[in-house]
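Here are some exercises to work through with the structure open beside you. Try each task on your own before reading the solution.

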Amino acid sequence: MATYRSDSVLLAADGTRTPGRAALFAEPARKGGVPPWAGDFRPADSAGNGPKNAVGKTFTLELPDGSTGKVVVQGVKRGKGGVVLALMGEDAPPF
């Protein structure tokens with residue numbers, strides 16, 4: 001299982017950029033298909049709670065090296081550690 005943790009940016013369709021930190025993982029592809037990937041995104045303190053009404057919407061996740069991947073927000077968790085967006089990747093993992 002491949003893993004990735006680093007600063008990243010969540011880019012909305014309207015061009016809004018939300019900086020934060022992504023923790024992503026990919027599982028081996030099944031029968032030659034595209035490997036499924038998912039993870040969490042924590043908006044930076046300067047970004048507040050991140051995108052509003054994000055659940056079910058598609059965003060572009062931009063990594064520091066310039067690679068990008070499409071993600072759908074599956075859920076939002078709020079707690080002492082702040083806001084965490086649960087992501088599900090589309091297409092091939094960008095890491």
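**Exercise 1.** Is T60 buried or exposed? Work it out from its relative accessible area, keeping in mind that this is a predicted model, and then look at what surrounds the residue.

*Solution.*
- Step 1: Find the residue. T60 sits in strand β4, which covers residues 58-62.
- Step 2: Check the value against the cut-off. The relative accessible area of T60 is 14%, and buried means under 20%, so T60 counts as buried.
- Step 3: Look for neighbours. Leaving out residues up to four places away in sequence, T60 touches V9, L10, L11, T68, G69 and K70.
- Step 4: Pick out a polar contact. The side chains of T60 and K70 make one, at 2.9 Å.

**Exercise 2.** How do β4 and β5 pair, and how many residues lie between them in the hairpin?

*Solution.*
- Step 1: Get the direction. β4 and β5 are antiparallel and share five bridges.
- Step 2: Find an opposite pair. Across from L61 you'll see G69 in β5.
- Step 3: Follow the chain around the turn. Five residues separate the two strands of this hairpin, and G66 in the turn has a positive phi of about 95 degrees.

**Exercise 3.** Why can strand β6 be called largely enclosed by the rest of the structure? Find the strands that pair with β6 too.

*Solution.*
- Step 1: Count the buried residues. Strand β6 spans residues 82-89, and six of its eight residues are buried, so the rest of the structure largely encloses this strand.
- Step 2: Look at β5, residues 68-79. This strand runs antiparallel to β6, and eight bridges join the two.
- Step 3: Trace some of those partners. V73 has L87 as its bridge partner in β6, while R78 stands opposite V83.
- Step 4: See how the chain gets from β5 to β6. A hairpin makes the link, through two residues.
- Step 5: Now turn to β3, residues 37-43. β3 and β6 are also antiparallel, with four bridges between them. Here D40 stands opposite A86.

**Exercise 4.** Which residues line the largest pocket, and how do they divide by type?

*Solution.*
- Step 1: Start with the volume. The largest pocket comes to about 160 Å³.
- Step 2: List the lining. Going along the chain, you meet A12, A13, T16, R17, T18, A47, G50, P51, K52, K57, T58 and F59.
- Step 3: Sort them. The lining of this pocket has five nonpolar, four polar and three charged residues.
- Step 4: Ask which strands take part. β2 (17-26) and β4 each give at least two residues to the lining.

**Exercise 5.** Where are N53 and D91 found? Check their phi angles and their exposure as well.

*Solution.*
- Step 1: Locate N53. This residue is in the loop between β3 and β4.
- Step 2: Read its backbone angle. N53 has a positive phi of about 50 degrees, even though it isn't a glycine.
- Step 3: Check exposure. The cut-off for exposed is over 50%, and N53 has a relative accessible area of 66%, so N53 is exposed.
- Step 4: Repeat for D91. You'll find D91 in the segment after β6. D91 is another residue other than glycine with a positive phi, near 65 degrees. With a relative accessible area of 59%, D91 is exposed.

Terms used: Residues numbered from 1 in each chain as written. Predicted model: local features only at pLDDT ≥ 70, side-chain atom pairs only at ≥ 80, totals over all residues. Heavy atoms only, no water. Buried < 20%, exposed > 50% of the residue type's maximum accessible area, 1.4 Å probe, protein only. Pairing = 2+ DSSP bridges. Polar contact = N/O pair within 3.5 Å; in protein donor to acceptor, adjacent residues only side chain to side chain. Contact = heavy atoms within 4.5 Å. 1 Å grid on protein atoms, 1.4 Å probe; cavity = no way out; pocket = protein on both sides within 12 Å on 5 of 7 lines; lining within 4 Å. Points joined across faces, edges and corners; volume = space filled by probe spheres on them. Nonpolar A, V, L, I, M, F, W, Y, C, P; charged D, E, K, R; others polar.
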